Amino acid sequence: RHHVGGWRRGYRRYDGGGVFYGGSLYGHGGRCTPKQCLIILCTILGIAAFISLLSASQILRSSVYGSHSFAIAPRDMIVLDADTRFCDGVRLVDESYKGYVYLYVFPKEPPLAGWDELNVSYSDLTIYSDAYKYWYFFLNARSKASLTTCAQPGIDFYVLRGSHDYDAWRGANDDSFSFFYRDYYKGPCTPGIGNGEATMTINKRQQYYFIFDNDLSQTATVDFTLRLNRSMYDLSSLPATVCHASTECYLPLSYDSSQFVIAVTNDTGSDDSDTNVDITWSCSERSWFYGALFGGIGAGVVIVIVAWVLLCLWCQGRSSTSSSIPGHNNFGEASPIVRDATQSYSTTTEKLETSAPPSYSEATLL
């Protein structure tokens, strides 16, 4: 029997269980299949792991293998913290070309057995308004520092430990540094007596910055004497490899050893800052360890991702072989198509209802 009012055309299309509605690329209501989802997820994880490894590699290169530049005072001993696992050797360059610097590599840390006294004294040191002047020295533990001053009221005196605290103080980042010592001169200076004294004992091997800061609205002058009694390593207590950095020198390091590296300036005959030496040191890359470290981490990440994917596929295969509910797909939703048991359709053809519209006489015969 035909329906009155015209004719209609309908079709269904099958493609291996996936139903295509309006050009959708996915087989179940616009969602990806489990395999497609796994491929997408693994791609995202792989890209994220690669970016993380690359970032870690660059951070390590800049922190371990980057160059370090600073000035060292006469008779200074500066410990160069070179990690023997990553560093194949240490390179030191005398940027001042004065020939005062020597590089030592000891099998282990030598004992602190000697003392060296260094005096820095200035008279009528001019410090302009809203400016500061500073001196810094590398001091070993047990060193002592004493200061006598004759400064105008309003001058601040600071001692900062390490370049990090100095850079933070200079950048006015008050939350990221602390003063090792601080004094504020209030009373007037009595000639020959002074108006400030300070004594401190160094408890940690580090660079120390001695700073006079003028917050006044006018230029100020300071007279001061800084006496440093520095504890020194006994360079003759252990056998050492030595090179003279007249311009540049390089010493190799053994892998994962306790070797101890020290840069030493000899006695220039003067404690004046003009005799300071600008040096740059760097750690040469131990390529095989660097490659093995990040190659091993990368391989481990790949293995974990692959194992996880295989486990998910195995779990999916087990669930697909379990008893299925007619009229439902693997996602537990009602299937958009239910086939009649008496119908048989090709998976790639269309079944069309193509009868012509009824004639007028047939349509009126009811």
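## A tour from the enclosed cavity outwards

Begin by selecting strand E11 and strand E12 (220-233), each of which supplies at least two residues of the lining of the largest cavity. E11 gives the largest share of that lining, namely three residues. Keep in mind during the whole tour that what is on the screen is a predicted model.

Now show the side chains of the cavity lining, which consists of Val-120, Trp-135, Phe-157, Phe-210, Ile-211, Phe-212, Phe-224 and Leu-226. If you colour these residues by class, you will find eight nonpolar, no polar and no charged residues. The space they line comes to about 40 Å³, and the count of cavities of 30 Å³ or more stands at one.

Zoom out next, so that the whole protein is in view. Its secondary structure comprises four helices and 16 strands, and of its 366 residues 32% are buried. If you display contacts between residues at least 6 apart in sequence, 87% of them join residues at least 24 apart. With the surface switched on, the protein exposes about 22000 Å², of which carbon and sulfur atoms supply 54%.

From the surface, turn to the largest pocket, whose volume is about 480 Å³. Its lining holds 22 residues, and those to select for centring the view are His-68, Phe-70, Asp-81, Gln-206 and Trp-281, the closest to the pocket's centre. To see the surrounding framework, select helix H1 (34-64), helix H2 (162-170), and the strands E1 (68-72), E2 (77-79), E6 (131-139), E11 (206-214) and E16 (277-285), since each of these elements supplies at least two residues of the pocket lining. Coloured by class, this lining shows twelve nonpolar, seven polar and three charged residues, whereas the lining of the largest cavity has no polar and no charged ones. E11 deserves a second look here, as it is among the elements that supply the pocket lining and also contributes to the lining of the cavity.

Stay with strand E16 and select the cysteines, which form two disulfides in this model. One of them pairs Cys-87 with Cys-283, with the sulfur atoms 1.7 Å apart. This pair links distant parts of the chain, given that Cys-87 lies in strand E3 (residues 87-94) and Cys-283 in strand E16, 196 residues apart. Looking along the S-S bond, you will find a torsion of -130 degrees and a left-handed link; both Cys-87 and Cys-283 are buried.

The other stop among the cysteines is the disulfide that joins Cys-243 to Cys-249, with an S to S distance of 2.3 Å. Here the torsion about the S-S bond is about 50 degrees, and the disulfide is therefore right-handed. Cys-243 and Cys-249 are both buried as well.

Finish at Gln-152, which you will find in the loop between strand E7 (144-151) and strand E8 (155-161). The relative accessibility of Gln-152 is 25%, so this residue counts as partly exposed. Leaving aside residues up to four places away in sequence, Gln-152 touches Tyr-185, Gln-218, Thr-219, Ala-220 and Thr-221. As a last selection, mark the C-alpha atoms of Gln-152 and Val-222, which are 6.9 Å from each other although the two residues stand 70 apart along the chain.

Definitions and conventions
Residues are numbered from 1 along each chain as its sequence is written. This is a predicted model: local features need pLDDT of at least 70, side-chain atom pairs count only at pLDDT 80 or more; totals for chains, interfaces and linings use all residues. Side-chain values use heavy atoms; hydrogens and water are left out. On a 1 Å grid over the protein atoms alone, a cavity is a set of points where a 1.4 Å probe fits but cannot get out, and a pocket is an open set with protein on both sides within 12 Å along at least five of seven lines; lining residues have an atom within 4 Å of a point. Grid points are joined across faces, edges and corners, and a volume is the space filled by probe spheres set on the points. Ala, Val, Leu, Ile, Met, Phe, Trp, Tyr, Cys and Pro count as nonpolar, Asp, Glu, Lys and Arg as charged, and the others, Gly among them, as polar. Buried means under 20% relative accessible area, exposed over 50%, partly exposed in between (1.4 Å probe, protein chains only). Contact means heavy atoms within 4.5 Å. Accessible areas come from the Shrake-Rupley method with a 1.4 Å probe; for residues, only the protein chains shown count as cover. A disulfide is a pair of cysteine sulfur atoms within 2.5 Å.
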